[in-house]
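Here are a few exercises to work through with the model open beside you. Try each task before you read its solution.

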Amino acid sequence: MVKFVLCDSSTLYMEKLKKQIQNIIDQTGYNMKISLLTTKIKKVMDYLEVDDGISIYIIDVDYDNNHLVGIKLAKQIREKDRNAYIVFNTLRTDSVYNVMTGLIRPSGFFKKPIHKEDMQILMGDIYRDYLNLQGENDDLFHVNIGSNIYHIEYRRILYFEAFQKKVYIHTPNQRIGYYDSLAELVKRLNNQFVRCHRSYLVNVDNIKKVSFTDMILEMKDGRKIDISRTYKNLLKKRLNL
């Protein structure tokens, strides 16, 4: 389960944010819940000491008219929880540089109020990562498009293709595109998939034959994929050739 922690100086604003988040959870069926609403930074620190799950922290930059407080809080969260999703929600857009530097690694920076569409995309992205990284079902690849999450069996995936800032999943009868990069994707996949070209990541179980003379590999459904010299040796090693 993914849990939300909301920390803001305005209780009224947090209640509105809570309602927005809960509505999205109810609509999508995401395995998420809101665990903490607080105006007190100490409450967040106490939560960090006892929680060992996956959490999304939506925090402000500015507390008591001091923008350094929020940045300090984010650093403390990151030190305690390397897997935390830290999201800044603030009126202090001039703090974006300070937030993006250092070791905070935020998952988002939004000006108040967060629009519903932005929250849907944020929650979808995080939940997709959660499903893929936590392996709720090791046989499925999870991808979100808008507020919808698609579950695709790994064995059906022929290859991933990078094209114009999107990644396209190719199965025998589908082509599904979403925003990602092969460089990030390869970090999340097991060795069932191997890079053969800057634009292609192929499922080795679905390769029919390979020609290093023609620098082409053929998938089981007959589709042909280019092999680049950059990834030739990597492919050979993975195929034990």
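**Exercise 1. Find the strand order of the parallel sheet, and say which strands stand at its edges.**

Solution. Keep in mind that this is a predicted model. Start with the order: the open sheet has 5 strands, arranged E2-E1-E3-E4-E5, and the pairing is parallel. Next, look for strands with a single partner. These are E2 (32-38) and E5 (108-111), so each has one side without a neighbour in the sheet. Then check the turn between neighbouring strands, which averages 20° with direction ignored. Finally, zoom in on one pair: E1 and E2 run parallel and are joined by 6 bridges. Within that pair, Leu-6 has Leu-37 of E2 as its bridge partner.

**Exercise 2. Work out which strands H1 lies across, and its angle to E2.**

Solution. Follow H1 over the sheet: H1 lies across E1, E2, E3 and E4 (85-90). Its direction is at about 175° to E2. Now do likewise for H2, which packs on the sheet and touches E1, E2 and E3. The angle between H2 and E2 is about 140°.

**Exercise 3. Is Met-45 buried or exposed?**

Solution. First place the residue: Met-45 belongs to helix H2, residues 41-50. Its relative accessibility is 18%, and the cut-off for buried is under 20%, so Met-45 counts as buried. Then list its contacts, leaving out neighbours within four places in sequence: Leu-73 and Gln-76 remain. Take Leu-73 as a check on distance: 28 residues separate it from Met-45 in sequence, while their C-alpha atoms are 8.5 Å apart.

**Exercise 4. Describe the largest cavity: its volume and its lining.**

Solution. Begin with the count: there is 1 cavity of 30 Å³ or more. The largest cavity holds about 30 Å³ of space. Its lining includes Leu-6, Cys-7, Asp-8, Tyr-13 and Asn-89. Sorting the lining by class gives 7 nonpolar, 1 polar and 1 charged residues. To finish, assign the lining to elements: E1 (2-7), H1 (11-28) and E3 (54-59) each give two or more residues. H1 gives the most, with 3 residues.

**Exercise 5. Trace the antiparallel sheet and name its edge strands.**

Solution. Read off the order of this open sheet of 5 strands: E10-E9-E8-E12-E11, with antiparallel pairing. The edge strands are E10 (175-179) and E11 (193-197), each pairing on one side only. From one strand to the next, the twist averages 25°. For a closer look, take E11 with E12 (residues 200-203), an antiparallel pair over 4 bridges. Here Val-194 stands opposite Val-202 in E12.

Definitions and conventions. Residues are numbered from 1 along each chain as its sequence is written. This is a predicted model: local features need pLDDT of at least 70, side-chain atom pairs count only at pLDDT 80 or more; totals for chains, interfaces and linings use all residues. Side-chain values use heavy atoms; hydrogens and water are left out. Two strands pair if DSSP finds at least two bridges between them. Axes are lines fitted to C-alpha atoms, for helices over the stretch in contact, and angles run from 0 to 180 degrees between N-to-C directions. Buried means under 20% relative accessible area, exposed over 50%, partly exposed in between (1.4 Å probe, protein chains only). Contact means heavy atoms within 4.5 Å. On a 1 Å grid over the protein atoms alone, a cavity is a set of points where a 1.4 Å probe fits but cannot get out, and a pocket is an open set with protein on both sides within 12 Å along at least five of seven lines; lining residues have an atom within 4 Å of a point. Grid points are joined across faces, edges and corners, and a volume is the space filled by probe spheres set on the points. Ala, Val, Leu, Ile, Met, Phe, Trp, Tyr, Cys and Pro count as nonpolar, Asp, Glu, Lys and Arg as charged, and the others, Gly among them, as polar.
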